[in-house]
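Trainee: Could we go through this one together? I'd like to know what stands behind the labels.

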Amino acid sequence: MRRHRARYFRVLNDGFPAKYGRAIARVADAAVGAYRSVLKLDIPSFYCNERIRICLRLDPSIRHPRLFFQPALLPSINYCVGDVRSLRSPVVGGPHHVYGICHELGHLALFMVSESSSEVDSGVSEAVADFLASSILRRLGRTLGTNAWPDAYEYWKVDGIPDFAAIISGHRRISIPRSKDAFEAARWLFLRVAARYGVGAVARAIRGTRKEGRCVFLGSFKAFRIGDFWNALGRETSTRWLTRHLRVGRLIHG
Ligand SMILES: [Zn+2]
């Protein structure tokens, strides 16, 4: 097991070529800075006084690359691949690595729980992480450039929500997705919020939830309820506007 130096996380590497492990450590550190400067959001990086781990594993028995946040007894971000080919740039068919790391850190920003653990709630949680990660990619690009990943690519153009900047600046309209998928609906909602109230509104709602929401402690790690997040977002936008959009997206009923 190899370790890579990182300021905010503990990066443990079981099989990734070292250059990819170093890149992941660098991207995660820079993403914490980008979350702070673009969204004024602190990404929690400690659990029970220990740095949160980023675990990398290359094992030929792994069929599909997987990057995921595990909110278990020992929360960790895990990147598992079956071969080195899975680490190539998304431009030539690899996964969206840089975005993926930012997305997992987005989960750490507001690790949400619900009483029901319904599909809607997990869709919302994914959409929050998707939206947050897409918000910081440009800043990250200015900090790290194309060389953030060993197989250089312009992740701020290739990764994240397509047309993100055009949508939130109002140059491109986005219509309500036809599917009943909660992730699609929540993503549409956050883009509408950003276009109307600014990209910082969602982040302010996260800060508001952290401050006033009822939290559930997992060790020293705080998780929050989605209902409290909607209330905070209602205060950042307008409760009427938000309720209407939550109903249209079938994210709440009634
Ligand atoms: Zn996710």
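The talk below takes the labels one by one.

Mentor: Sure. Keep in mind that this is a predicted model.

Trainee: Why is Asp181 called partly exposed?

Mentor: Count the C-beta atoms around it: there are 16 neighbours inside 10 Å. Buried takes 20 or more and exposed takes 12 or fewer, so a value in between is called partly exposed. Asp181 sits in the loop between helix H5 (164-168) and helix H6 (182-197). Its C-alpha is 7.6 Å from that of Gly123, although 58 residues separate the two in sequence.

Trainee: How do you know that the length of helix H1 agrees with what it should span?

Mentor: H1 covers residues 18-39, which is 22 residues, and at 1.5 Å a residue it should span 32 Å. The end C-alpha atoms are 31 Å apart, so the two values agree. Right after H1 comes Lys40, with a positive phi near 55°.

Trainee: What makes the side chains of strand E5 alternate?

Mentor: In a regular strand, side chains alternate between the two faces of the sheet. In E5 (residues 53-58), Ile54, Leu56 and Leu58 point to one face and are buried. Arg53, Cys55 and Arg57 point to the other face and are not buried.

Trainee: How do you know that E5 pairs with strand E2 and with strand E7?

Mentor: Pairing takes at least two bridges. E2 (residues 10-14) and E5 have five, in the parallel sense, with Leu12 opposite Cys55. E5 and E7 (residues 76-81) have six, also parallel, and there Cys55 has Asn78 as its bridge partner. So both pairs pass the cut-off of two.

Trainee: Why is the pairing in the sheet called mixed?

Mentor: The open sheet has five strands in the order E1-E2-E5-E7-E6. E5 and E7 are parallel, but E6 and E7 are antiparallel, over five bridges. Phe68 has Asn78 of E7 as its bridge partner.

Trainee: Which elements does H1 touch in the sheet?

Mentor: H1 packs on the sheet against E1, E2, E5 and E7, with its direction at about 35° to that of E1. Helix H2 (residues 97-109) lies across E6 and E7, at about 15° to E6.

Trainee: Which residues touch the most other members of the largest nonpolar core?

Mentor: Ile24, Ala28 and Ala31, out of 79 residues in that core. Leaving out residues up to four places away in sequence, Ala31 touches Ile101, Cys102, Leu105, Ile136 and Leu140.

Technical notes. Residues numbered from 1 in each chain as written. Predicted model: local features only at pLDDT ≥ 70, side-chain atom pairs only at ≥ 80, totals over all residues. Core = buried A, V, L, I, M, F, W, Y, C linked by C-beta atoms within 7 Å. Contact = placed C-beta atoms within 7 Å. Helix = DSSP H or I, 4+ residues; strand = E, 2+ residues; numbered from the N terminus. Expected span 1.5 Å × (residues − 1). Axes fitted to C-alpha atoms, helices over the stretch in contact; angles between N-to-C directions.
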